[in-house]
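Colleague: Could you take one part of this model and go through it closely, setting it in the context of the whole chain? I would like a connected account rather than a list.

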Amino acid sequence: MTAPDDTGGNGPVIRDHRRIDPVTGQPRRGKHAASQPAGTTSAGRPGGAAAPAAPGAPGAPGQPKHGRAGDEAMPNESDSAAVTADRAAADKFRTELAERTADLQRLQAEYANYRKRVDRDRATVREHAVAGALTELLPVLDAIGQAREHGELSGGFKSVADSLQAALTKLGLVSYGQRGDAFDPKIHEALMHSYSPDVTEDTCVEVLQPGYRVGERILRPARVAVAEPATGPDGSSND
C-alpha cells in the first residue's frame with residue numbers, strides 16, 4: 001500500500017503494520033511471544049520449522065497418526081491364541097467345578113443316610129436293651145399283681161410296688177388283656193378252651209396272666225381262657 005510520507009516526501013512508502021525491530025531486523029513479537037527467544041517457533045526450534053518425523057514413526061509422511069494401518073481393525077495371531085487358551089481354561093474350570101460339586105452333593109447325601117441309619121440303629125439297640133431288662137422284671141410284676149388281688153399289698157410294700165410300676169411305665173411298658181376281649185392269636189396265648197352260648201366269636205373269658213408290650217414289641221402274650229360260640233354259623237352245635 002502506498003501513501004504520502006508523513007514528512008511530506010513524495011516517494012512511495014511501504015507501511016507494514018508489523019513493526020520491525022531496528023536492531024535485529026526481525027518483526028517485533030507480540031505480548032504472547034515474550035517468553036520465546038528470538039528466531040524460534042512455538043516448538044522451540046530455530047528457523048521456525050519443526051523437525052521432520054522419523055520414517056515409520058506415527059505422524060511421518062505416509063504413515064497414520066495412531067500406528068500401523070489395520071492394527072485396530074484386526075487382532076494379531078498372538079491375541080487370538082491367548083483368547084482361545086483363556087476359553088479352554090475357563091471350560092476346564094467349569095467342568096472340574098461341576099465334578100467337585102457333584103462329589104460334594106453325593107458325600108452329603110451319604111452322610112445324611114449314615115446319620116439316619118445310626119439313629120435308627122441306636123433306637124433299636126435301646127429298645128432291645130429296655131425290652132431285655134423289662135422281661136426279667138415280669139415275674140416280679142406278676143407277684144405284685146397276685147398280692148394286690150388277695151389284698152396283701154399294703155404299707156411300705158405297696159409304696160415300693162407303686163413306684164416300680166410307675167418307673168416301668170415311663171420306660172414304655174404297657175399291660176394289656178381284659179376279660180371279654182376278642183381272641184387274637186398274635187397277642188394272646190390260649191391256655192384253656194371251651195364253648196359258650198353267650199359269645200358270638202372267639203372271646204377271652206378269663207385272663208390268667210396279663211400281657212406286656214413295649215411299643216409294638218410283644219414281651220409276653222396275654223395268657224387267657226378262650227370260649228367259642230356253642231353253635232356254628234348254620235345253627236348246628238359245635239359240640
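Modeller: What follows is a close look at helix H1, with the sheets taken up after it.

A word on origin comes before anything else: this is a predicted model, and the description should be read with that in mind. The chain has 2 helices and 6 strands, and along the sequence these elements follow the pattern α-α-β-β-β-β-β-β. Of its 239 residues, 15% count as buried, while the accessible surface comes to about 18,600 Å², with 54% of that area belonging to carbon and sulfur atoms. Among contacts between residues at least 6 apart in sequence, 50% join residues at least 24 apart.

Helix H1 covers residues 77–149, which makes 73 residues in total. From the first C-alpha of H1 to the last, the helix reaches 105 Å, close to the 108 Å expected at 1.5 Å a residue. H1 nevertheless bends, by about 40° at Leu137, and a proline, Pro139, follows within four residues of that position. After the helix comes Gly151, whose phi is positive, near 75°.

Which residues of H1 are buried? They are Val130, Ala131, Leu134, Leu138, Leu141, Asp142, Ile144 and Ala147. The cover over these buried residues includes helix H2 (155–170) and strand S1 (173–176), together with S3, strand S4 (211–214) and strand S5 (217–220).

Three of the strands just named, S1, S4 and S5, make up an open sheet with the order S1-S4-S5 and antiparallel pairing. The edge strands of this sheet are S1 and S5, each of which pairs on one side only, and the twist averages 35° from one strand to the next. H1 packs on this sheet, touching S1, S4 and S5, and the direction of the helix makes about 30° with that of S5. Within the sheet, S4 and S5 pair in the antiparallel sense over 3 bridges, and Tyr212 stands opposite Arg220 in S5.

On strand S1, Ser175 can serve as an example of a single position. Is Ser175 exposed, partly exposed or buried? Ser175 counts as partly exposed because its relative accessibility is 45%, a value that falls between the 20% limit for buried and the 50% limit for exposed. Leaving aside residues up to four places away in sequence, Ser175 touches Pro210, Gly211 and Tyr212; Tyr212 is also the residue that stands opposite Arg220. The C-alpha atoms of Ser175 and Val214 are separated by 9.1 Å, although the two residues lie 39 residues apart along the chain.

The remaining strands bring in another open sheet of 3 strands, with the order S2-S6-S3 and mixed pairing. Its edge strands are strand S2 (188–196) and strand S3 (203–209), each pairing on one side only, and here the twist averages 25° from one strand to the next. S3 pairs with strand S6 (residues 222–229) in the antiparallel sense over 5 bridges, and Val207 stands opposite Val224 in S6. This sheet also has a link to the helix under discussion, since S3 is included in what covers the buried residues of H1.

How values were computed
Residues are numbered from 1 along each chain as its sequence is written. This is a predicted model: local features need pLDDT of at least 70, side-chain atom pairs count only at pLDDT 80 or more; totals for chains, interfaces and linings use all residues. Side-chain values use heavy atoms; hydrogens and water are left out. Two strands pair if DSSP finds at least two bridges between them. Axes are lines fitted to C-alpha atoms, for helices over the stretch in contact, and angles run from 0 to 180 degrees between N-to-C directions. The expected span of a helix is 1.5 Å times one less than its number of residues. The bend at a residue is the angle between axes fitted to the seven residues ending there and the seven starting there. Buried means under 20% relative accessible area, exposed over 50%, partly exposed in between (1.4 Å probe, protein chains only). Contact means heavy atoms within 4.5 Å. Accessible areas come from the Shrake-Rupley method with a 1.4 Å probe; for residues, only the protein chains shown count as cover.
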